[in-house]
Amino acid sequence: MMDGAETPLRYPHTSPPVEGDAVEVADGVLWMRLPLPMKLDHVNVYALDEGESWTVIDTGFDSRRTRAVWEKLLAGPLGGKPVSRVFVTHHHPDHVGLAGWFQAAQGAELWTTRTAWLFARMLMLDEQAVPTEETLNFWRSCGMDADVLENRATERPFNFADIVAPMPLGFNRIKQGDVMRIGGRDWDVHIGNGHAPEHATFWSRDDNLVISGDQIIASISPNVGVYATEPGADPLADWLEACERLQTLARPDHLVLAGHNLPFTGLPTRMRQLIDNHHGALNRLMAHLETPRTAGECFAPLFKREIGEGEYGLALVEAKAHVSHLYQLDKIARRRREDGAWLYYVGG
Ligand SMILES: [Zn+2]
């Protein structure tokens with residue numbers, strides 16, 4: 001039997017919905033976009049028709065602009081029907097940002113994984129005016145560029161509370177193996193990992209739809225990073241495990257509705273690519289570490305392009321994830337430099 005791994009990716013909708021408008025990608029399933037003030041300048045969200053109301057999947061950042069776009073969507077393409085449920089795929093702010101607003105303003109129920117909810121609510125409460133000592137030490141240990149570190153040490157850091165609406169107490173848990181009724185379909189819940197812990201994906205039993213959040217995206221490889229919250233984590237191992245598990249579910253005709261970029265078919269090919277990308281990067285990294293280097297000195301073999309200032313933070317945590325993975329597999333060794341940075345190297 002063909003596994004479809006050679007089926008190319010296809011994009012049935014070549015142009016995304018314009019701001020405040022929706023595209024119907026399947027019967028009763030609307031695709032919408034919300035703006036993000038970053039290099040990746042949008043997040044996809046979906047609304048599934050429940051008859052008298054809508055179920056919304058992911059929400060965008062909490063900003064005045066995003067709320068205004070939602071007001072326009074609710075009055076326009078959503079036809080003034082209320083949002084009764086919000087499903088959040090993972091805890092990142094472009095996905096969870098307005099969940100609390102839907103709960104408080106519309107009385108919507110929040111459904112997400114326990115880890116996503118705990119992480120989001122914990123980070124909401126962790127507001128800092130400047131980076132904590134632990135964060136600075138973590139950046140130092142990654143070999144963060146000295147100028148970047150000096151600037152960041154005195155600046156207000158990225159704070160969840162700045163772009164996520166307050167989250168009321170209480171949520172509904174979804175977990176691996178659940179079957180959820182959404183938009184007239186039964187969906188199997190499969191949990192991903194690596195980009196975000198306990199990331200929910202939804203696989204329709206009744207047609208070819210997959211709602212994948214950031215676990216599976218076309219043309220960009222989702223960021224896999226290590227953060228100061230868990231400096232010894234190996235999210236790349238989690239990522240590869242999840243990809244290999246989800247790969248066994250993938251069909252060439254699946255229409256994947258992801259958190260960013262265009263809906264696509266050809267999922268078996270995409271799963272292969274997502275796995276291969278990291279193995280390729282790890283091989284290049286091994287060669288690069290014939291000379292001892294910090295995570296911050298590993299951008300070239302991993303990204304094969306110049307990393308701009310706006311991407312530096314994500315690149316650093318991704319580089320750290322890759323060296324950590326090799327280190328935890330015992331493929332490389334490490335030692336501390338005088339300034340606290342870990343130097344990683346082949347052999348030892
Ligand atoms: Zn995202």
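Here are three short exercises, with worked solutions, on a predicted model.

**Exercise 1. A sheet from edge to edge**

Work out the strand order of the open sheet of 7 strands, find which strands stand at the edges, and then follow the pairing from S4 to S7.

*Solution.*

Step 1. Start with the order, which reads S1-S2-S3-S4-S5-S6-S7, and note that the pairing is mixed.

Step 2. Now look for the edges. Strand S1 (23-26) and strand S7 (172-173) each have a single partner strand, so one side of each is left without a neighbour in the sheet.

Step 3. Move to strand S4 (residues 54-57), which pairs with strand S5 (residues 83-87) in the parallel sense over 4 bridges. To find your place in this pair, take Trp54, whose bridge partner in S5 is Val83.

Step 4. Carry on from S5 to S6: these strands run parallel and are joined by 3 bridges. Here Phe87 stands opposite Trp111 in S6.

Step 5. Finish with S6 and S7, another parallel pair, joined by 2 bridges. In this pair you will find Thr112 opposite Arg173 of S7.

Step 6. Add the helix that covers part of this region. Helix H3 (residues 99-106) lies across S5 and strand S6 (109-112), and runs at about 160° to S5.

**Exercise 2. Two helices that cross**

Describe how helix H8 (residues 235-247) packs with helix H11 (residues 312-328), and say which residues meet.

*Solution.*

Step 1. Two values are needed, since a pair of packed helices is described by the angle between the axes and the distance between them.

Step 2. For H8 and H11 the angle is about 85° and the axes are 8 Å apart. An angle of 65 to 115 degrees counts as roughly perpendicular, so H8 is roughly perpendicular to H11.

Step 3. Next, list the residues. H8 brings Pro235, Leu236, Ala237 and Leu240, which meet Ala321, His322 and His325 of H11.

Step 4. Sort the residues of this contact by character: 5 are nonpolar, 2 are polar and none is charged.

**Exercise 3. A threonine in a loop**

Locate Thr265, decide whether Thr265 is buried or exposed, and name its contacts beyond four places in sequence.

*Solution.*

Step 1. Thr265 sits in the loop between strand S12 (255-258) and helix H9 (267-288).

Step 2. Its relative accessibility is 16%. Buried means under 20%, so Thr265 counts as buried.

Step 3. Leave aside neighbours within four places in sequence, and Thr265 is in contact with Pro8, Leu9 and Arg10, and also with Pro252, Asp253, His254 and Leu255.

Definitions and conventions: Residues numbered from 1 in each chain as written. Predicted model: local features only at pLDDT ≥ 70, side-chain atom pairs only at ≥ 80, totals over all residues. Heavy atoms only, no water. Axes fitted to C-alpha atoms, helices over the stretch in contact; angles between N-to-C directions. Parallel < 35°, antiparallel > 145°, perpendicular 65-115°, else oblique. Contact = heavy atoms within 4.5 Å. Nonpolar A, V, L, I, M, F, W, Y, C, P; charged D, E, K, R; others polar. Pairing = 2+ DSSP bridges. Buried < 20%, exposed > 50% of the residue type's maximum accessible area, 1.4 Å probe, protein only.
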